[in-house]
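Trainee: Got a minute to go through this protein with me? I'd like to get a feel for it piece by piece.
Mentor: Sure, pull it up and ask away.

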Amino acid sequence: MENTVLIVEDEKDIRELMDYNLRKQGFRTETARDGKEALMKIRGGKAGLVILDLMLPEIDGMELCRLIKSDPDEAVRRLPVIMLTARSEEIDKVLGLEMGADDYITKPFSTRELVARVRAVMRRYEAVQGTDAAGGKIIKADDLAIDPDKYTVMKRGRHLDLSAMEFKLFLYLVRRPGRIMSRDFLLDAVWGNESYVEPRTVDVHIRRLREKIEDDPSDPRYILTKRGVGYYFAENKAGS
Ligand code: CA
């Protein structure tokens, strides 16, 4: 269900604490002790957001996140995932293309941080689903066709699998061809007032977008970098 948070954590104390605190803040919750139980609940439509511990028995959090993000069902693929990690060195990997989590929380964390992150990720997700990013006719840009209503991107007739946040960022760039925007500017414009998002989140999302959109991500044609300034969508690619 839409506003239900699925907590996937094998450690009982942590799981119950998160469950208690999120419920207290008015969230509906579901819990799972391992990846198998989690997948069952996710595919049964019981989750609107997943908090996923990296360290799980059998299917670990990394594998589970990959399974969610590559599920044949689009509704499953689009589920926002917050990873719980013990070490900050794992962050790049967690947010990177390989796993594609939407956000992360480093253990140990406070209840306040947990609730703030869940709220922020849900808000972003809803903003992309809702009227914020949606509306308008299909935008054609060279080989790409971007549908703001269905939040899909097609490249030469092939569907590209963008996460909700990647799509929101991409649409923002596409609608402003040639305009160079700094990381801080994009953070404000696309992510909004979220105190927990770091500027490098923008870089991670840009990297992921290039991996998906560009023929050669190391020599991008669509999403360009102005060194020392920021990112922009190539002006000559924009069309109608
Ligand atoms: Ca664990």
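Trainee: Let's start with D53. Is D53 buried or exposed?
Mentor: D53 is buried, because its relative accessibility is 2%. Keep in mind that this is a predicted model.

Trainee: And what does D53 hold on to?
Mentor: A calcium ion, which is coordinated by E9, D10, E11, D53 and M55 at 2.1 to 3.0 Å. M55 takes part through O, while D53 uses OD.

Trainee: How are those donors spaced along the chain?
Mentor: The pattern reads E-D-E-x41-D-x1-M.

Trainee: Is M55 buried or exposed?
Mentor: M55 counts as exposed, because its relative accessibility is 62%. D53, with 2%, counts as buried.

Trainee: What about E11, how open is that one?
Mentor: E11 is partly exposed, with a relative accessible area of 38%. Besides coordinating the calcium ion, E11 forms a salt bridge with K107, where the closest N and O atoms are 4.0 Å apart.

Trainee: Where do the two partners sit in the chain?
Mentor: In distant parts, 96 residues apart. K107 is in the loop between strand 5 and helix 6, and E11 is in the loop between strand 1 and helix 1.

Trainee: Why would two side chains like that pair up?
Mentor: Side chains of opposite charge can pair when their charged atoms come close.

Trainee: Okay, so how many salt bridges does the whole structure have?
Mentor: A search of the whole structure finds 24. One of them joins R78 and E74, with the closest N and O atoms 3.0 Å apart.

Trainee: How covered up are R78 and E74?
Mentor: R78 counts as buried at 8% relative accessibility. E74 is partly exposed, with a relative accessible area of 31%.

Trainee: Which other salt bridge should I look at?
Mentor: Try E166 and K212, whose side chains meet at 2.6 Å, N to O. That pair also links distant parts of the chain: E166 belongs to helix 7 and K212 to helix 9, and they are 46 residues apart.

Trainee: Is E166 buried or exposed?
Mentor: E166 is buried, because its relative accessibility is 1%. Its partner K212 is partly exposed, with a relative accessible area of 22%.

Trainee: Which residues are joined into a network by shared salt-bridge partners?
Mentor: D142, D143, K155, R156, D215 and R221 are joined into one network that way.

Trainee: Back to those two helices. What's the angle between helix 7 and helix 9?
Mentor: About 85°, with their axes 10 Å apart. The two helices are therefore roughly perpendicular to each other.

Trainee: Which residues make the contact?
Mentor: From helix 7 you have M165, E166, L169, F170 and L173. Helix 9 brings H205, I206, R208, L209, K212 and I213. Sorted by class, the contact has seven nonpolar, one polar and three charged residues.

Trainee: How many residues of helix 7 are buried?
Mentor: 11 of its 11 residues, so "mostly covered" is a fair description. Among them are K168, Y172 and V174.

Trainee: What comes just before that helix?
Mentor: S163 lies in the loop between strand 9 and helix 7. S163 is buried, with a relative accessible area of 11%.

Trainee: Which residues does S163 touch, leaving aside its neighbours within four places in sequence?
Mentor: R78, D102, R208 and K212. You've met R78 in the salt bridge with E74, and K212 in the one with E166.

Trainee: New topic: where is C65?
Mentor: C65 is in helix 3, which covers residues 61-69. C65 is buried, with a relative accessible area of 0%.

Trainee: What's around C65?
Mentor: Not counting residues up to four places away in sequence, C65 touches L52, V81, M83, M99, G100 and A101. Take A101: it is 36 residues from C65 in sequence, yet their C-alpha atoms are 6.9 Å apart in space.

Trainee: Last one, what's the overall picture?
Mentor: The protein comes to nine helices and 11 strands. Of its 240 residues, 51% count as buried. And among contacts between residues at least 6 apart in sequence, 57% join residues at least 24 apart.

Note on methods. Residues numbered from 1 in each chain as written. Predicted model: local features only at pLDDT ≥ 70, side-chain atom pairs only at ≥ 80, totals over all residues. Heavy atoms only, no water. Axes fitted to C-alpha atoms, helices over the stretch in contact; angles between N-to-C directions. Helix = DSSP H or I, 4+ residues; strand = E, 2+ residues; numbered from the N terminus. Parallel < 35°, antiparallel > 145°, perpendicular 65-115°, else oblique. Contact = heavy atoms within 4.5 Å. Nonpolar A, V, L, I, M, F, W, Y, C, P; charged D, E, K, R; others polar. Donors = N, O, S within 2.8 Å, 3.2 Å for Na, K, Ca; no water. Buried < 20%, exposed > 50% of the residue type's maximum accessible area, 1.4 Å probe, protein only.
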